[in-house]
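Q: Got a minute to go through this one with me? I'd like to start with the empty space inside.

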Amino acid sequence: MRARVVGTGSYVPRSVITNSDLEQTVNTSDQWITERTGIRSRYIASPGEGSSALGAKAATIALATARLDPADLDLIIVATCTPDMPFPSTACLIQSILGAKAAVAFDVSAACSGFLFALSIADHYIRLETYRNVLVVGTEVMSSVTDWTDRATCIIFGDGAGAAVLQGIKGENGILSNHLHSNGQRWDLIYVPGGGSQQPLSETVLNERLNFIKMRGSTTFKLAVKMMEEAAREALAANNLTIDDIDLFIPHQANARIIKATAERLHVPMERVVMNIGQYGNTSAASVPLALDEMVRENRIKSGTHVLLIAFGSGLTWASTLIRW
Ligand code: UT7
């Protein structure tokens with residue numbers, strides 16, 4: 001039994017913030033942002049539009065392409081670091097919006113690697129034949145934890161959602177491997193210090209802007225390239241494959257320079273590497289499924305295509321998923 005992706009979908013909010021919009025609010029320039037990150041625009045959710053709303057829209061499209069009803073779902077796993085509320089889970093909220101009454105629903109927290117962590121859980125349940133139809137969603141409203149006065153971070157992040165429906169099907173195609181990693185020693189490279197149980201929301205938290213992302217960008221950058229290269233090589237070795245066997249690399253969209261540096265180290269031509277960060281920015285757990293859905297819609301993925309997903313993020317976490325489509 002293998003977990004096969006039978007449907008994908010994605011959704012981004014309507015509002016767009018361009019680099020020239022940011023030039024009006026912080027001391028930055030379109031040239032700096034484009035050269036250092038490759039980002040030109042990012043989508044931003046409307047007030048009241050949470051991760052569940054974005055995720056449910058992506059999920060509805062994924063279910064339609066899979067030709068399944070919400071009632072067919074056995075399990076819903078949502079990867080997000082920007083849940084609508086501390087509890088209930090965003091997965092339960094999406095279950096409610098979809099009306100997926102028979103499903104079990106829970107969230108996974110692994111920041112930008114979250115979608116791959118969630119895929120791995122789905123894969124295990126499907127292989128064990130505990131569940132057959134599984135919805136995996138990566139959804140984020142990063143704008144809710146973005147400090148719009150901090151030029152080092154506000155230029156990077158965007159909102160969006162991507163979803164995949166997996167089904168247990170006998171045969172050779174489907175998820176071939178998952179490899180997950182964490183290094184909690186480096187938790188302080190990217191984090192939101194306030195607003196949780198350690199420093200609940202208070203006047204001090206708000207005044208000191210502790211409810212927003214803090215990031216040590218250049219250290220994260222270097223580690224990201226190293227971890228993405230290692231993750232890709234680990235997946236190839238575990239499956240007895242070489243770089244040339246991979247038709248499409250879908251890396252987490254954190255920075256165009258990180259993606260290019262990783263591709264260079266792996267000796268992969270950029271034609272086989274997906275890069276859509278220019279339009280969306282870094283959408284954390286949504287970035288890989290957004291890119292995956294785009295590739296499916298552009299017909300770049302067909303039966304038998306080897307797709308390698310690689311991601312890294314806060315935690316630190318990093319991961320790979322290899323799929324034979
Ligand atoms: O999803 C995972 C999460 N995050 C990441 O993967 C982020 C990884 N890191 C990065 O993408 C990059 O480190 C950044 C894009 C965040 C920053 O690029 P950098 O090339 O590492 O720049 P830097 O932090 O070393 O800063 C260089 C200069 C500094 O000025 P000084 O000290 O040299 O005078 C910054 O203050 O650029 C300045 N700077 C800016 N200038 C114009 C920082 N942000 C901006 C900005 N506009 N928006």
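Q: Which residues line the largest cavity?
A: This is a predicted model. In it, the lining consists of Phe-249, Pro-251, Ile-259, Thr-262, Ala-263, Leu-266, Val-268, Val-273 and Ile-310.

Q: How do they divide into nonpolar, polar and charged?
A: Eight are nonpolar and one is polar. No charged residue is in the lining.

Q: Which element gives the most to that lining?
A: Helix 9, with four residues. Helix 9 spans 256-266. Strand 11 (248-251) also supplies at least two.

Q: How much space lies in there?
A: About 60 Å³.

Q: And how many cavities of 30 Å³ or more does a search of the whole structure find?
A: One.

Q: OK, switching to the sheet. What's the strand order in the open sheet of five strands?
A: The order is 1-7-6-4-5. Pairing is mixed.

Q: Which are the edge strands?
A: Strand 1 (2-11) and strand 5 (104-108). Each of them pairs on one side only.

Q: What does the twist average?
A: It comes to 20° from one strand to the next.

Q: Now strand 6 and strand 7: parallel or antiparallel?
A: Antiparallel. Nine bridges join strand 6, residues 133-141, to strand 7, residues 159-169.

Q: What is the bridge partner of Thr-139 there?
A: Ala-161, in strand 7.

Q: Which helix packs on the sheet by touching strand 1, strand 6 and strand 7?
A: Helix 11, residues 287-297. Its direction makes about 95° with that of strand 1.

Q: And where does helix 4 lie?
A: Across strand 4 (75-79), strand 5 and strand 6. Helix 4 runs at about 140° to strand 5.

Q: Let's zoom in on Thr-90. Which helix is that in?
A: Helix 4, which covers residues 90-98.

Q: Is Thr-90 buried or exposed?
A: Buried. Its relative accessible area is 0%.

Q: Why does 0% count as buried?
A: Because the cut-off for buried is under 20% relative accessible area, and Thr-90 has 0%.

Q: What does Thr-90 touch, not counting residues up to four places away in sequence?
A: Ser-51, Ser-52, Val-78, Thr-80, Pro-83, Asp-84, Asp-107 and Thr-139.

Q: Thr-139 again. Where did we meet that one?
A: In the sheet: Thr-139 is the residue with Ala-161 as its bridge partner. Thr-90 touches Thr-139, and helix 4 lies across strand 6.

Definitions and conventions: Residues are numbered from 1 along each chain as its sequence is written. This is a predicted model: local features need pLDDT of at least 70, side-chain atom pairs count only at pLDDT 80 or more; totals for chains, interfaces and linings use all residues. Side-chain values use heavy atoms; hydrogens and water are left out. On a 1 Å grid over the protein atoms alone, a cavity is a set of points where a 1.4 Å probe fits but cannot get out, and a pocket is an open set with protein on both sides within 12 Å along at least five of seven lines; lining residues have an atom within 4 Å of a point. Grid points are joined across faces, edges and corners, and a volume is the space filled by probe spheres set on the points. Ala, Val, Leu, Ile, Met, Phe, Trp, Tyr, Cys and Pro count as nonpolar, Asp, Glu, Lys and Arg as charged, and the others, Gly among them, as polar. Buried means under 20% relative accessible area, exposed over 50%, partly exposed in between (1.4 Å probe, protein chains only). Contact means heavy atoms within 4.5 Å. Two strands pair if DSSP finds at least two bridges between them. Axes are lines fitted to C-alpha atoms, for helices over the stretch in contact, and angles run from 0 to 180 degrees between N-to-C directions.
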